[in-house]
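This report goes through the overall build of one chain, then two helix pairings, and then a few individual residues. Please keep the sequence and the model open while reading.

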Amino acid sequence: MADVNPIKDFIAGGFGGVCLVFAGHPLDTIKVRLQTQPTPPPGQAPKFAGAWDCAKQTVMKEGFRGLYKGMAAPIVGVSPMFAVCFFGFGLGKKLQAGEKTNAELSYIQLWNAGMLAGVFTTVIMAPGERIKCLLQIQADAGSKKYAGPVDCAKQLYREGGIRSVYRGTALTLMRDVPASGMYFMSYEILQRKLTPEGKSRKDMSVGRTLLAGGMAGVFNWMVAIAPDTLKSRFQTAPAGKYKGVGDVLRHLVKEEGPQALFKGVAPIMVRAFPANAACFLGYEMCMKLLDWLAPGW
């Protein structure tokens, strides 16, 4: 196993993350709006009939730019987040391999390394996710409370200090730790299976890298969807509405049934493949470029 290079991981991971945001943010906006739409009164239809209806209403009312609302926050946080994420995964692999630098890790070891990456990223991810969700849903509220991500962060801090900015961190951990384990484990397994016999992963074609990265994103969201719904509800609710994670779950299941945990699953799965395919392709291409530019670095 090659030594972890944090500078290369930072550059390549950041580039891969930016590719992911540009490819997947419109569907992420649709997902959040579906997850947070108000419960309709008895006998009335919900505001959005589904993912396609949500997209149509968003474009008609706000133009195509409406699909990219809240993107500044994840873009700003995405480079350090993905740098830390990929560094955390590499570090997790290195710690478990010990002195056996060329050892092939087991599936559970890959899962453990991925979960470590999830812990590392939550510190950066939690406030960015809260700001993103609030900006994505404010158009549906009928008033513009926040002028942008910086203004949103300032208002949150004024309202409740740093705890308000980091509201939902426990739920972000509940989502990202197991999901990151699945994310990196599935990518590494697919890389092994798809690498031609007698070749290394550096010889992987673009198509196979896209397939491995896209499927890793799908497997990631199969684990993450339910806690992500709880996180979106908690982070966008008025202060004091929910006492904690369990209270969010009780209210959601009681009012809308257990199927509500999977609201937004259509845009999530549609987004997961291309966004994460773009992420891993960007990461792998950037790493190849860095290895070519500075082979001994």
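## Surface and overall build

The chain exposes about 14,500 Å², and carbon and sulfur atoms supply 66% of that area. The model is a predicted one, and the values below are computed from it. Buried residues make up 50% of the 297 residues in the chain.

The secondary structure comes to 9 helices and 0 strands, which, read along the sequence, gives the pattern α-α-α-α-α-α-α-α-α. The radius of gyration is 20 Å, close to the 19 Å that the globule rule gives for 297 residues, so the chain is as compact as a globular protein of that length. Along its principal axes, the C-alpha trace spans about 60 × 35 × 35 Å. Among contacts with a separation of 6 or more, 79% are accounted for by residues 24 or more positions apart.

## Two pairings of helix H7

How do H4 and H7 lie relative to each other? Helix H4, residues 107-137, packs against helix H7, residues 206-236, at an angle of about 75 degrees, with the two axes 9 Å apart. The range from 65 to 115 degrees counts as roughly perpendicular, and H4 and H7 are therefore roughly perpendicular to each other. On the H4 side, the residues that take part are Ala 126, Glu 129, Arg 130, Cys 133, Leu 134 and Ile 137, and they meet Asp 228, Lys 231, Ser 232, Gln 235 and Thr 236 in H7. By class, this contact of H4 with H7 has 4 nonpolar, 3 polar and 4 charged residues.

Helix H6, residues 169-194, also packs with H7, here at an angle of about 170 degrees and with the axes 8 Å apart. Angles over 145 degrees count as roughly antiparallel, which makes H6 roughly antiparallel to H7. The residues of the contact of H6 with H7 divide into 20 nonpolar, 9 polar and 4 charged.

## Three buried residues

The table sets out the relative accessibility of three residues, taken from H7, from H9 and from a loop.

| Residue | Place | Relative accessibility |
|---|---|---|
| Gly 213 | helix H7 | 0% |
| Leu 105 | loop between H3 and H4 | 5% |
| Glu 284 | helix H9 | 14% |

Is Gly 213 buried or exposed? Gly 213, which is found in helix H7, counts as buried because its relative accessibility is 0%, and buried means under 20%. Leaving aside neighbours within four places in sequence, Gly 213 is in contact with Tyr 187, Asn 276, Ala 277 and Phe 280. The C-alpha atoms of Gly 213 and Met 125, which are 88 residues apart along the chain, are separated by 20 Å.

Glu 284 sits in helix H9, residues 265-293, and with a relative accessible area of 14% this glutamate is likewise buried. With neighbours within four places in sequence again left aside, Glu 284 is in contact with Tyr 187, Gln 191, Arg 201 and Thr 209. Tyr 187 is thus listed among the contacts of Gly 213 and also among those of Glu 284.

Leu 105 lies in the loop between helix H3, residues 72-97, and H4, and at 5% relative accessibility Leu 105 counts as buried. Leu 105 and Lys 94 are 11 residues apart in sequence, with 9.7 Å between their C-alpha atoms.

Note on methods: Residues are numbered from 1 along each chain as its sequence is written. This is a predicted model: local features need pLDDT of at least 70, side-chain atom pairs count only at pLDDT 80 or more; totals for chains, interfaces and linings use all residues. Side-chain values use heavy atoms; hydrogens and water are left out. Axes are lines fitted to C-alpha atoms, for helices over the stretch in contact, and angles run from 0 to 180 degrees between N-to-C directions. Helices (H or I, at least four residues) and strands (E, at least two) are DSSP runs, numbered from the N terminus. Angles under 35 degrees count as roughly parallel, over 145 as roughly antiparallel, 65 to 115 as roughly perpendicular and the rest as oblique. Contact means heavy atoms within 4.5 Å. Ala, Val, Leu, Ile, Met, Phe, Trp, Tyr, Cys and Pro count as nonpolar, Asp, Glu, Lys and Arg as charged, and the others, Gly among them, as polar. The radius of gyration is taken over C-alpha atoms; the globule rule is 2.2 Å times the number of residues to the power 0.38. Buried means under 20% relative accessible area, exposed over 50%, partly exposed in between (1.4 Å probe, protein chains only). Accessible areas come from the Shrake-Rupley method with a 1.4 Å probe; for residues, only the protein chains shown count as cover.
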